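This report describes the fold, the aromatic pairs, the nonpolar cores and a few single residues of one protein chain. The sequence and the model come first.

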Amino acid sequence: MGVLDNNKDFLKQNVSQINGKVQNVYFCLNFLPMALFLGNVFEAWEIPNTYLLKIQVLISSLSLVNFLVYKFLDLPDFTKYLGIFSCTTIVSIIAANGRVGIYISYGFFPFLASLYYSKKCTRIVSLYSWIAMMVSMYIKTRFIKQCEPFTAEIYTPDVFFIRYTIGFSMELFFVHLLAMVMTKMGRKNLDSLIQHIDTANVMNITLAEKNVELEENQSKIFKFVSKILNSHDMFTGNHVLHTQTYVGIIARELQETGHYLADLTDDKINMLCNAALLHDIGKIHIPEGILNKPGKFTPQEFDIMKSHPEEGKKILEVLPPIADGKFNRVAEDVCLYHHEKWDGSGYPYGLSGTDIPLFARIMAAADVLDALLSRRLYKQPMDIDKAMEIFRELKGIQFEPCISDAVLARRDTFENCDNFFKQEEEKNNVTELAWWKRYHEYLDSQKQ
């Protein structure tokens, strides 16, 4: 049997396996109306029971149709689209009710499609998920007063629709890109494995062993996705993009001045820059009311906020190994320890000095620098000289001395980056910035 025949057989088996997993997802959806009903009982929300009954009938009917097609018709390609599209449709119908915010759940379906190792399938499912989300969101805006009373007082339904769909569309586009990467990587690994089976019989890799490996990879992806989608929001905005740039600048300044040369190789610095994108991933498990609170945290709220490094570590523990697991270790370090301080006064463990991993110490400096220079819901951005003064004051206290020196040495570089970021964001995020300004005008008016 040649590589081409192997390829067809393996892909057909993989499609059948994933179709079975989609059926499992559909089976779980049958319990969703009951979960929503329990939310009514415990007053988490208020959804008419008659509406939930209709949803239950719809899910059960579609579930039966999908099962019959999957079980009795040999149409694997048709079955995969029918199953995923049906699940997406159910989510959009429930979300359109206006009382349940589940839009990030749309991100699950492009990830699910990526397991078929077909770029075409991933693109089609991503597009359908976006369309379903937009239609559902538009319907939901008709019930805006049921969703966010504070927002309803400030925005018309059309403004509400535009404001939220821009953000959710950006999130879903990022999910699509990640799903495409998973699709390409999975297909590449599959093709490589097939070639290996066909040309290296001395390895004695059997079809059964190959299927076990595919199952393990799929399981890792499912675990990773399920962790991500257990929350309401996957992203922390421009902050992670800023810090990705800042950690690179700091690390290369340390490299050029002869610090930690064994650790700060070019490859490891690039790995650190990529890991910076994940340092705040644990914030998706922080309630939005706390994460976006304009004022000062209560002690209880701050305790919840301080849990995000450990929550992020839990998510990254099920990330499939990248670069033989080296990237995973760097990502976990910067995620778990980026709020530790040089003098031991940080969290979550109160580590001090070099007990804090080097990449986390660099990440901590980049994280604080961007927090000082950037707009926040609760504050105006700080100018560069004031930020540099803070790094001088905290040298040897919050930050390792050589890292503070590296930040100070690149003062002009950071100023140029900050100016560029603000210009680009003002140009590309007009709606968000306009809302931010109106929000601060509203706060100022309340103080008068």
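A residue is called buried when its relative accessible area is under 20%, exposed when that area is over 50%, and partly exposed in between. F420 has a relative accessibility of 46%, so F420 counts as partly exposed. The model is predicted.

**Overall make-up**

The protein chain has 21 helices and zero strands. Of its 448 residues, 46% count as buried. Among contacts in the chain with a separation of 6 or more, 70% are made by residues 24 or more positions apart.

Two of the helices compare with their expected spans as follows.

| Helix | Residues in helix | First to last C-alpha | Expected at 1.5 Å a residue |
|---|---|---|---|
| Helix 11 | 19 residues | 28 Å | 27 Å |
| Helix 6 (119-141) | 23 residues | 33 Å | 33 Å |

In both cases the reach is close to the expected value, for helix 11 and for helix 6. The buried residues of helix 11 include H239, H242, Y246, V247, I250, E253 and L254. Just after helix 11, G258 has a positive phi of about 85°. In helix 6, the buried residues include C121, V125, S129, M133, M137 and K140. The relative accessible area of C121 is 0%, so C121 is buried.

**Aromatic pairs**

The structure contains eight aromatic pairs. In one of them, the ring centres of F302 and Y347 are 6.2 Å apart and the planes meet at 80°, so the pair is edge-to-face. F302 belongs to helix 14 (residues 299-305), while Y347 is in the loop between helix 16 (326-337) and helix 17 (358-373), so the pair ties together parts that are 45 residues apart in sequence. The two partners have their own accessibility values: F302 is partly exposed at 36%, and Y347 is buried at 15%. Y347 also has a charged residue over its ring, since K306 lies over the face at 5.7 Å from the ring centre.

F420 and F421 form a tilted pair, with 6.2 Å from centre to centre and 55° between the planes. F420 is partly exposed, whereas F421 is buried with a relative accessible area of 13%. Ring pairs also join F420 and F421 with Y246 and F414 in a cluster.

**Nonpolar cores**

Which residues touch the most other members of the largest nonpolar core? They are Y246, I250 and I362, in a core of 47 residues. The elements that give two or more residues to this core are helix 11 (238-256), helix 12 (266-275), helix 15 (308-316), helix 16, helix 17, helix 18 (384-393), helix 19 (401-409) and helix 20 (411-428). Helix 17 supplies the largest share, ten residues. Setting aside residues up to four places away in sequence, I362 touches V247, I250, A251, L254, L264, L272 and I403. A second, separate core has 24 residues, among them I47, L52, I55 and I90.

**Single residues**

I384 is located in helix 18 and is buried, at 8% relative accessibility. Apart from neighbours within four places in sequence, I384 is in contact with L373, R411, F414 and E415. For I384 and E415, the C-alpha to C-alpha distance is 6.2 Å, and the two are 31 residues apart in sequence. F414, another contact of I384, is a member of the ring cluster described above.

S63 lies in helix 3 (residues 49-72). Is S63 buried or exposed? S63 has a relative accessible area of 15%, so S63 is buried. Beyond its neighbours within four places in sequence, S63 is in contact with Y26 and N30.

**Cysteines**

How many disulfides does the structure hold? The number is zero. For C28, the nearest cysteine sulfur is that of C87, 9.7 Å away. A disulfide needs the two sulfur atoms within 2.5 Å, so a distance of 9.7 Å leaves C28 in no disulfide. C28 is exposed, with a relative accessible area of 51%, whereas C121 in helix 6 is buried at 0%.

Terms used
Residues numbered from 1 in each chain as written. Predicted model: local features only at pLDDT ≥ 70, side-chain atom pairs only at ≥ 80, totals over all residues. Heavy atoms only, no water. Phe/Tyr/Trp six-rings, centres within 6.5 Å; stacked < 30°, edge-to-face > 60°. Helix = DSSP H or I, 4+ residues; strand = E, 2+ residues; numbered from the N terminus. Buried < 20%, exposed > 50% of the residue type's maximum accessible area, 1.4 Å probe, protein only. Lys NZ or Arg CZ within 6 Å of the ring centre and 35° of its normal. Core = buried A, V, L, I, M, F, W, Y, C linked by side-chain atoms within 4.5 Å. Contact = heavy atoms within 4.5 Å. Expected span 1.5 Å × (residues − 1).
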